[in-house]
Amino acid sequence: MKPVRSIINMKEIQSFYQEYCREQRIKFTKKEFQSFVDCCERDFFQWLKDNLKYFESEVIKQS
């Protein structure tokens with residue numbers, strides 16, 4: 001089994017958020033960044049749940 005690789009990492013997310021702050025002329029703070037990450041994590045897990053439901057109903061059913 002190959003090691004798991006992901007495009008999701010904190011450095012990339014922080015870079016993305018800092019760029020957004022620059023573009024919007026918003027001061028970047030670690031506290032606001034952490035709030036953004038927390039929000040993303042909640043959304044990410046909801047996204048996973050939704051995709052798992054789809055996977056179970058569409059992909060596994062067709063196997």
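What follows is a conversation between a student and a tutor about a predicted model.

Student: What makes helix 1 count as a helix of the expected span?

Tutor: Helix 1 covers residues 10–24, which is 15 residues, and from its first C-alpha to its last it reaches 21 Å, close to the 21 Å expected at 1.5 Å a residue.

Student: Which residues of helix 1 are buried, and how do you know on which side of the helix they lie?

Tutor: The buried residues of helix 1 are Gln14, Tyr17 and Cys21. They cover an arc of only 65° around the axis, and therefore they sit on the same side of helix 1. Among what covers these buried residues is helix 2, while on the other side of helix 1 the residues Lys11, Phe16, Arg22 and Glu23 are exposed.

Student: Why are Glu19 and Arg22 called a salt bridge?

Tutor: A salt bridge requires a side-chain nitrogen of Lys or Arg within 4 Å of a carboxyl oxygen of Asp or Glu, and the closest N and O atoms of Glu19 and Arg22 are 2.8 Å apart, so the pair meets the rule. In general, side chains of opposite charge can pair when their charged atoms come close. By this rule the count comes to 1 salt bridge.

Student: How are Glu19 and Arg22 placed along helix 1?

Tutor: They are 3 residues apart in helix 1, and so about one helical turn separates Glu19 from Arg22.

Student: Why is Arg22 called exposed, whereas Glu19 is called partly exposed?

Tutor: The label exposed needs a relative accessible area over 50%, buried means under 20%, and partly exposed is in between. Arg22 has 54%, so Arg22 is exposed, whereas Glu19 has 34% and therefore counts as partly exposed.

Student: What is notable about the phi of Arg25, and where does Arg25 lie?

Tutor: Phi of Arg25 is near 60°, a positive value in a residue other than glycine. Most residues other than glycine have a negative phi. Arg25 lies in the loop between helix 1 and helix 2, and with a relative accessible area of 79% Arg25 passes the 50% cut-off, so Arg25 is exposed.

Student: Phe28 is found in that loop between helix 1 and helix 2 as well; is Phe28 buried, exposed or partly exposed, and which residues does Phe28 touch?

Tutor: At 23% relative accessibility Phe28 is not under the 20% needed for buried and not over the 50% needed for exposed, so Phe28 counts as partly exposed. Leaving aside residues up to four places away in sequence, Phe28 touches Gln14, Tyr17, Gln18, Cys21 and Phe33, of which Gln14, Tyr17 and Cys21 are the buried residues of helix 1. Phe28 and Phe16 are 12 residues apart in sequence, and their C-alpha atoms are 11 Å apart in space.

Student: Why is Ile13 called partly exposed, and what does Ile13 touch?

Tutor: Ile13, which lies in helix 1, has 23% relative accessibility, a value between 20% and 50%, so Ile13 counts as partly exposed. Not counting residues up to four places away in sequence, Ile13 touches Ile8, Phe33, Phe36 and Val37. Ile13 and Cys40 are 27 residues apart in sequence and 9.7 Å apart in space, C-alpha to C-alpha.

Student: Which residues form the nonpolar patch on the surface?

Tutor: The patch is formed by Ile8, Phe44, Phe45, Trp47 and Leu48, which together have about 500 Å² of accessible area. One of these, Phe44, is found in helix 2, residues 30–62, and at 30% relative accessibility Phe44 counts as partly exposed.

Student: What makes Ile60 partly exposed, and how far is Ile60 from Asp50?

Tutor: Ile60 lies in helix 2, and its relative accessible area of 45% is between 20% and 50%, so Ile60 is partly exposed. Ile60 and Asp50 are 10 residues apart in sequence and 15 Å apart in space, C-alpha to C-alpha.

Note on methods:
Residues numbered from 1 in each chain as written. Predicted model: local features only at pLDDT ≥ 70, side-chain atom pairs only at ≥ 80, totals over all residues. Heavy atoms only, no water. Patch = residues over 30% accessible without salt bridge, like charges linked within 9 Å, V, L, I, M, F, W, Y side chains within 5 Å. Areas by Shrake-Rupley, 256 points an atom, 1.4 Å probe, with all protein chains shown as cover. Helix = DSSP H or I, 4+ residues; strand = E, 2+ residues; numbered from the N terminus. Buried < 20%, exposed > 50% of the residue type's maximum accessible area, 1.4 Å probe, protein only. Expected span 1.5 Å × (residues − 1). Arc of directions from axis to C-beta. Contact = heavy atoms within 4.5 Å.
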